Every structure is written in structure tokens, then in C-alpha cells.
Amino acid sequence: MSLTSDYSMLLKIADEFGTPVYVYDADKIVSQYKRLKHAFEPLKVKIKYACKALNNSNILKLLKNEGSGLDAVSINEVRLGIKAGFAPSEIIFTPNCVGFDEIKMAVELGVQINIDNISILEQFGNEYGNKVPCCIRLNPHILAGGNKKISTGHIDSKFGISIYQLRHVLRVIETYKMNINGLHMHTGSDILDAGVFIQGAELLFDAAKDFPDLTFIDFGSGFKVAYKENDITTDIEELGKAISQRFIEFSKEYGRDLELWFEPGKFLVSESGLFLVKTNVIKQTTATVFVGVDSGMNHLIRPMLYDSYHDIINISNPEGKQRIYTVVGYICETDTFGWDRKLSEVHDGDILCFKNAGAYGITMSSNYNARVRPAEVLFYKGKAHLIRKRETLDDLTRNEVLIEM
Ligand SMILES: *Cc1c(COP(=O)(O)O)cnc(C)c1O
């Protein structure tokens, strides 16, 4: 039985480690990784795990052991990756709007640099000439659907260098004799249709003709996972078949075998994660029955920030009769996890389980309301392991400096 449906194991974990607690199923992460690899066969696709989704060092190690590389968006993510054992050459650094200092630090660490604006491209050329290769992040302005806060492909997006500025890019590269070894796009939108995705890919293939030194093309991410029953998701197998076929053709046109890279975050870790909370109060108001739990948007902000939907299950009473509840947190601000949800009858003390909590859960958590961040547990080889302790009051004041008064 998978951990997701093993309610008695989850209750045991909640009891042993306390709530709120994030729980991740290592098997699910590994199987998602393998599924993605397999979908692109016979191509040996390179997967660079986008660790902003979930960056606990144990998760990084787990994926490294499977052969994954890493996608890092800050210098500290690069450092976490190296600490977890990734070879610097397996890490791609894809920051947005960072200073040139941070780029230089990443060069010194030996990671693959991905540049997303012309100003930095010029500074990079001026500093390194052709001595350090770099990748260029292009914005093809396609696939602009999905949530505006997440989508990065639209015309007003701050991400990437517009495909319409290619002339300018080439002028900079020529002037500094730069070595451009990769082209990248990450639209941030959900890929729902292989055909639409390939349209975007064609723009990159077209641009590639102007870059003779390429060794890889990086298509970012955008693989959609199911949050609700019957959600439309990316058909990875169909997408893999279509893209790898077209990529092999393109490599022939280009004249040399190129590597195909992807940077999934959500796809690898979202479904592996469960967030367990305890019911503090059941509060009947004039029109609603609220379930108030021992957590809030400080621990899981996605529902409030992105209107994301997370399935909620009362694992203490899974067979109970269904009633309608609105599940809310304890933060002094509106923090609703789910409106009008059908849950098996909830009692004080019941443990609720939020699904799809592996990606952008703990990494987006905060100490708002002087609440400590939850513990993290990894279910690995049939056993639950604590992989991050719950914070304490001391953690909240650790960096304060008290002055005389
Ligand atoms: C966030 C991010 C990803 C991962 O996106 P998911 O939707 O979690 O798969 C990949 N690449 C870059 C550059 C990112 O910023």
C-alpha cells in the first residue's frame, strides 16, 4: 500500500512526531523521476530537479542518488546542492534579477550559468569572454495560460530575454566572442497539450541555428500534476514521445547530438507530500461550519496565494458520514485551506491530511504570528525518519540583537 492511502501509518506518524508535520514518500519521488526518464526514451533526457519546490538535503540526496541534476535559483540553493553531493557541473543556476556578484560566485563554484537579461549577458561577456560557457534563457511568449502569478511566458513577464531581442543578444555575443552552450525556456505554465508545447520548442530550435556551440537545450518545466480528481494533467508519455521524436530530428538538422534537459519541481515532489494537521475547534457560525486546525497559511500558503486546491481527508474517521466544512487555519488573517469541503464527520482532535503538499509547502513557510515551522518526516524504505526538527521559540529570536533600554 502506498503511504498516501495508509491512514494508520499516517496517524502513527502524527502521533510520534506531532502536528503539524510534513510527510514525504520517498518511493513516490523516485517513481515520478523514473517515469519522466522513461517517457523520453530512447533519448537520455537530463533531469535537473528544481529544488525551490522542496529543498530538504535528504530529498536532494535521494534525487542525486537516482542520477538527477539540480536547478537552483539562488546562490544558497547552489550551495545546498553542492553540500548534498551534486557535482557542480550537474547544477544549473537560473536566477532572475540577481546582481552580477551572485553570478560570479556561482561561476567560482563551477556550475552551469543561465542568463536571463541582456545587461548581465554584457557583464558576463566583458568579464569572462569565451572562457566560461553560459546558457541563455529565452522567453518565447507562448503558453501564457494558467495562474498569472505563476505564468512566466506572457509579454509582460520579467523572466528571460524576449525572443524578439535575438538580434541584440547575438550582437553582444559576437562582440565578446562568448561561448553559448545552452538555450533555455521555462514558461511556468501548465503543459496540457504536446502540440502547443512543440510550437514553443520550434521557436527555440529556430533560434538555435544562430548558436553554433550548443551542447544542450533546456525546456524548463510545466508538467502538471492532478490536484483534484479528474483534473487534466500533462500526459507525460505522449509528450515524451512527441518531443523526443522531434528532438532527434532537430539534432540532425543542427548537425550534432544535443542533450535535452528538463527542470521539474512539482512533478517530482508534489504528490509525494502530505501535510498532517490536528483539529483544534469546530465552530458553527450562522452559515458555515468551520474546522479550525493547528496550522495556517504560515505553513501552507498556496491556497491563499495561488487559489490552489488541496484534497483534505479526515484520516481519523475515514468511514464517517460526510458533512460540509470550511477548513481554516489559526492565523489572525483570513487563511482558508478549503471552502465547503465534504469531509467525514470531524471531531476535536481529528487528524486532517492535505494532499499534494510536497511542492512549495515547507519552502514557502514563514514564522508569521510567531509560529514555528513544522517538522518534516521522510518515509523511506518502510520507515518514518525525522528529517527536520520542528522549530522552537529560540529559533524565533536567534538572530535578534537586544539593545540597552
Ligand atoms: C520554479 C522553476 C521550475 C519548476 O517549476 P515546477 O512548476 O515546480 O515544475 C523550473 N525551472 C525554473 C527556472 C523555475 O524557476
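## Exercises on a predicted model

A search of the whole structure, which is a predicted model, finds 17 aromatic pairs.

**Exercise 1.** Classify the ring pair formed by F205 and F219, and state which parts of the chain the pair ties together.

*Solution.* Begin with the distance: the ring centres of F205 and F219 are 5.9 Å apart, and the cut-off for a pair is 6.5 Å. Next take the planes, which stand at 75°; since angles over 60 degrees count as edge-to-face, the pair is edge-to-face. Finally, place the two residues: F205 belongs to helix 8 (residues 194-208), whereas F219 sits in the loop between strand 9 (216-218) and helix 9 (236-254), so the pair ties together parts that are 14 residues apart in sequence.

**Exercise 2.** Locate the salt bridge between E237 and R35 in the chain, and say how many salt bridges the structure holds.

*Solution.* The structure holds 13 salt bridges. In one of them the side chains of E237 and R35 meet with an N to O distance of 3.0 Å, to be compared with the 4 Å cut-off. As to location, E237 lies in helix 9 and R35 in helix 2 (residues 26-39), and the pair links distant parts of the chain, 202 residues apart.

**Exercise 3.** Describe the interface of domain 1 and domain 2, beginning with the domain bounds and ending with the polar interactions.

*Solution.* Domain 1 covers residues 95-262 and domain 2 covers residues 270-391, and the contact takes seven residues from domain 1 and nine residues from domain 2. The C-alpha centres of the two domains lie 36 Å apart. The buried area comes to about 790 Å², with carbon and sulfur atoms giving 52% of this area. By class, the side of domain 1 that touches domain 2 has four nonpolar, one polar and two charged residues. Turning to specific interactions, the rule finds zero salt bridges across this interface, but it does find two residue pairs in polar contact, both at pLDDT 80 or more.

**Exercise 4.** Determine where the backbone has cis peptide bonds before P20 and P42, and where K177 takes a positive phi.

*Solution.* As background, most residues other than glycine have a negative phi, and most peptide bonds are trans. The bond from T19 to P20 is cis, with omega near -10°, and P20 is in the loop between helix 1 (7-17) and strand 1 (21-25). A cis bond also joins E41 and P42, where omega is about 10°; P42 is in the loop between helix 2 and strand 2 (46-50). For K177, phi is near 50°, a positive value in a residue other than glycine, and K177 is found in the loop between helix 7 (166-176) and strand 8 (180-184).

Methods. Residues are numbered from 1 along each chain as its sequence is written. This is a predicted model: local features need pLDDT of at least 70, side-chain atom pairs count only at pLDDT 80 or more; totals for chains, interfaces and linings use all residues. Side-chain values use heavy atoms; hydrogens and water are left out. Domain bounds come from an automatic or database domain assignment. Contact means heavy atoms within 4.5 Å. Buried area is the accessible area (1.4 Å probe) that two parts lose on being put together, summed over both. A polar contact is a pair of N or O atoms within 3.5 Å; within protein, one must be able to donate a hydrogen and the other to accept it, and residues adjacent in sequence count only if both atoms are side-chain atoms. Ala, Val, Leu, Ile, Met, Phe, Trp, Tyr, Cys and Pro count as nonpolar, Asp, Glu, Lys and Arg as charged, and the others, Gly among them, as polar. Rings of Phe, Tyr and Trp (its six-membered ring) pair if their centres lie within 6.5 Å; planes under 30 degrees apart count as stacked, over 60 as edge-to-face and the rest as tilted. Helices (H or I, at least four residues) and strands (E, at least two) are DSSP runs, numbered from the N terminus.
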